[in-house]
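Hi there,

Here is the structure I promised to pass on. Please have a look at it first, and then read my notes below.

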Amino acid sequence: MTAIPESKHSTSAAIVRWYESKPQEHRPHMGASLIGHACDRSIWLTWRWALKPSFNGRILRLFDTGKREESRLVEELRGIGADVWDTNPETGDQWRVSAFNGHFGGSLDGVAKGLPEAPKSAAVLEFKTHSNKSYNDMAKKGVKESKPQHFDQMTIYMGLMGIDRAMYMAVNKDTDEVYAEWVHFDKNRFDVLMAKVETLIELTSAPERISEDAAYFVCKMCSFHKHCHGQIAAEANCRTCCHASPIENAAWSCAKHGKLSENVQRDGCKEHLMIPSLVPYGTPVDGGHDWIAYEHKETGKHFVNGPEPLEEYGPAFSSKELHNCPGPLIGEALAVKTDYPGSKVVPVSPQTVEELNAIWDPIATNPDDLEAMPSTRSKRKQRDEIKKSISALETLHERSDSPRRQTR
């Protein structure tokens with residue numbers, strides 16, 4: 001039996017929308033919680049701000065549940081007689097660790113002493129919540145085998161804190177069971193992870209994908225699936241630009257504009273030049289200081305990322321346009337840009353979707369213009385093809401200088 005869709009006016013739906021209304025921003029540093037991820041490309045793309053996080057409201061609420069569980073576990077550890085510091089006594093803020101000029105780091109859940117496993121030893125605290133299936137697997141195999149990413153996170157914290165013990169505590173969200181595992185520092189693993197961090201920070205281009213199969217389980221669960229396998233170019237911010245690079249004190253610098261504040265990094269500028277590996281549907285074939293020419297991997301057509309079209313390579317796209325135009329639509333965009341110089345590609349909105357027919361169809365706006373519009377049938381066909389692509393909430397929206405009509 002098909003489930004009845006939930007009314008968008010229900011209280012529970014309103015709660016989900018409330019979570020989704022909160023801004024989801026990029027993290028400024030490469031996080032210790034992510035460094036154990038199986039795919040190096042995913043880690044690099046996260047740090048380089050390729051795509052902004054876009055978790056749905058249910059997942060965001062789930063994250064919040066995990067955060068709320070932390071204070072309960074701290075209270076329980078204190079209740080059994082342990083000394084727990086959930087903040088750094090010297091700063092009054094959450095415990096933080098960093099390395100590589102501040103571009104890598106993370107925040108600890110706490111530090112404890114007086115735990116039953118070793119009362120005289122200080123330990124890094126790491127708290128996680130699990131589904132029943134995940135909890136049972138982890139309790140059976142141990143955190144290192146079942147949750148290697150969590151183990152690596154603790155390894156980084158222990159190494160950077162100079163503490164050789166950690167207490168991993170997991171809560172079963174279905175039964176409220178609590179699992180505690182005493183973890184010892186693995187210096188060899190720490191060295192491997194730190195070498196991995198250094199390599200990723202120094203890379204100026206995205207690493208290879210972990211798999212060429214879009215259905216591979218790691219890829220399917222990754223927030224960059226639509227970029228790596230779905231032909232969506234990265235966002236246009238300073239960290240995805242060829243001109244920007246990380247420098248000391250967790251800062252970034254631009255070859256054109258000098259040192260960049262974090263707010264400036266998020267916005268980017270009109271001179272943005274996309275790192276070529278972040279245009280998944282194009283192969284770079286030529287370039288200059290402020291432009292790169294590409295050959296489309298499927299159609300073989302050429303296009304330019306830069307301020308001006310080039311006679312030998314065709315129309316130009318700004319980096320924001322490349323992000324707004326999925327790879328399969330580049331051909332249509334090139335055709336319209338050729339016919340209407342100055343056209344732009346912008347993200348679609350509900351209003352522009354509703355107006356699509358009226359803007360594309362000259363009969364709907366002014367029947368007298370029909371004879372003045374050559375190839376009307378082909379334009380209608382092109383309009384229909386573009387409408388089918390709006391399911392991804394991105395489409396072509398080109399503006400013409402012609403006083404007769406605009407075209408999309």
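What follows is a short account of the chain as a whole and of two helix contacts in it.

Please keep in mind that this is a predicted model. The chain has 408 residues, and 45% of them count as buried. It holds 16 helices and 15 strands. Among contacts with a separation of 6 or more, 60% are between residues 24 or more positions apart. About 21,800 Å² of the chain is exposed, with 51% of that area coming from carbon and sulfur atoms.

Both contacts involve helix H7, which covers residues 187-202.

Let me start with H6, residues 148-161, whose axis comes within 9 Å of that of H7 and crosses at roughly 95 degrees. An angle of 65 to 115 degrees counts as roughly perpendicular, so H6 is roughly perpendicular to H7. On the H6 side you will find Phe-151, Asp-152, Thr-155, Ile-156, Gly-159 and Leu-160, and they meet Arg-189, Phe-190, Leu-193 and Met-194 of H7. Six of these contact residues are nonpolar, two are polar and two are charged.

The other partner is H2, residues 40-47; its axis and that of H7 come within 10 Å and cross at roughly 55 degrees. That angle makes H2 oblique to H7, and the crossing is right-handed. Here Asp-40, Ile-43, Trp-44 and Trp-47 of H2 meet Lys-196, Leu-200 and Ile-201 of H7. This contact has five nonpolar residues and two charged ones, with no polar residue.

Happy to talk it through whenever suits you.

Best wishes

Technical notes: Residues numbered from 1 in each chain as written. Predicted model: local features only at pLDDT ≥ 70, side-chain atom pairs only at ≥ 80, totals over all residues. Heavy atoms only, no water. Axes fitted to C-alpha atoms, helices over the stretch in contact; angles between N-to-C directions. Helix = DSSP H or I, 4+ residues; strand = E, 2+ residues; numbered from the N terminus. Parallel < 35°, antiparallel > 145°, perpendicular 65-115°, else oblique. Left-handed = near helix turned anticlockwise from the far one by under 90°. Contact = heavy atoms within 4.5 Å. Nonpolar A, V, L, I, M, F, W, Y, C, P; charged D, E, K, R; others polar. Buried < 20%, exposed > 50% of the residue type's maximum accessible area, 1.4 Å probe, protein only. Areas by Shrake-Rupley, 256 points an atom, 1.4 Å probe, with all protein chains shown as cover.
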